[in-house]
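Here is a short report for a reader new to this structure. Have the sequence and the 3D view at hand.

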Amino acid sequence: MAALVAVVVFSALGGVAAAEPPPSGGATCPPGEDCEVRAERPGTQPRPAPEPGNPAPGPTEPPLRQCNIAALCPVDEAPPPQAETAQQVAIREFTKIPIKGPQIGIVPGPEAGKAGLVGLPVWLWTAVTPQTWGPFTATATVPGLTVTATATAARITWNMGDGHQVVCTNPGTPYQASYGNAASPNCGYRYTRSSHSRPGGRYTVTGTTNWVVNWAGGGQTGTIPQTRQTTTTIQIDELQVVTQ
């Protein structure tokens with residue numbers, strides 16, 4: 001075991017120090033002298049006595065660190081959650097707003113036994129409700145913020161199943177029997193080929209409604225485009241010419 005060396009440090013402050021129990025090695029202060037006795041290992045320099053009012057040097061506390069990536073932070077160091085903006089609330093809440101594709105009306109209808117003829121008018125329309133044509137209004141509220149949105153249909157694109165489309169910027173006109181073979185005044189179509197070669201002998205008709213969702217809240221405004229679809233089928237037969 002390394003020997004301990006007694007180091008005697010005399011105080012410059014004057015006065016007589018209280019008697020200290022001697023460390024191993026037996027060194028003591030001379031009578032009447034103000035000193036401090038410490039044990040030091042050989043080969044080391046004596047440490048100066050701390051000055052009055054200054055703590056002795058020692059290990060410092062680790063610096064505080066801030067964790068800015070919440071997913072990688074310990075739970076107790078994660079940054080506080082940021083308040084949502086009106087745009088974030090609108091995108092989260094109003095992309096799932098309960099608006100729909102067209103509630104399809106079509107003549108000739110999709111029922112079995114009903115068929116249209118090549119070259120004759122086909123009528124297309126949707127029932128008009130807040131969820132199929134608008135306006136549909138919804139409100140989302142989070143602490144300190146309320147955002148209101150209004151959804152309005154802009155147009156319906158009808159994919160007629162034969163490679164052609166009809167775009168109607170209105171809901172169309174419901175057909176009535178009194179109209180006979182007249183064409184729709186604002187949303188219709190005429191097929192040039194029969195549907196016999198199609199699966200099930202029918203064309204698949206898809207109506208896609210393009211919605212515009214306008215939102216406002218927290219001093220901000222914006223628009224969220226949305227689309228919704230529905231489908232139906234139609235049978236188209238060849239026009240038969242009967243000669244006498």
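In which sense do strand 3 and strand 5 pair, and over how many bridges? The model is predicted. In it, strand 3 and strand 5 (residues 121-126) run antiparallel and share four bridges. Ile106 sits opposite Leu124 of strand 5.

**The sheet**

Strand 3 and strand 5 belong to an open sheet of three strands. The order is 3-5-9, with antiparallel pairing. Strand 3 (104-107) and strand 9 are the edge strands, and each pairs on one side only. From one strand to the next, the twist averages 20°. Strands of a sheet pair through backbone hydrogen bonds, either parallel or antiparallel.

**The disulfide**

How many disulfides does a search of the whole structure find? The search finds one. Cys168 is joined to Cys187, with an S to S distance of 2.0 Å. The pair links distant parts of the chain, 19 residues apart. The table places each cysteine.

| Cysteine | Location | Burial |
|---|---|---|
| Cys168 | strand 8 (residues 165-168) | buried |
| Cys187 | loop between strand 8 and strand 9 (188-190) | buried |

Why is the disulfide right-handed? The torsion about the S-S bond of Cys168 and Cys187 is about 90°, so the disulfide is right-handed. A disulfide is a covalent bond between the sulfur atoms of two cysteines.

**Where the two topics meet**

Strand 9 is an edge strand of the sheet. The loop that holds Cys187 lies between strand 8 and strand 9. Its partner in the disulfide, Cys168, is in strand 8.

Terms used. Residues are numbered from 1 along each chain as its sequence is written. This is a predicted model: local features need pLDDT of at least 70, side-chain atom pairs count only at pLDDT 80 or more; totals for chains, interfaces and linings use all residues. Side-chain values use heavy atoms; hydrogens and water are left out. A disulfide is a pair of cysteine sulfur atoms within 2.5 Å. Helices (H or I, at least four residues) and strands (E, at least two) are DSSP runs, numbered from the N terminus. Buried means under 20% relative accessible area, exposed over 50%, partly exposed in between (1.4 Å probe, protein chains only). Two strands pair if DSSP finds at least two bridges between them. Axes are lines fitted to C-alpha atoms, for helices over the stretch in contact, and angles run from 0 to 180 degrees between N-to-C directions.
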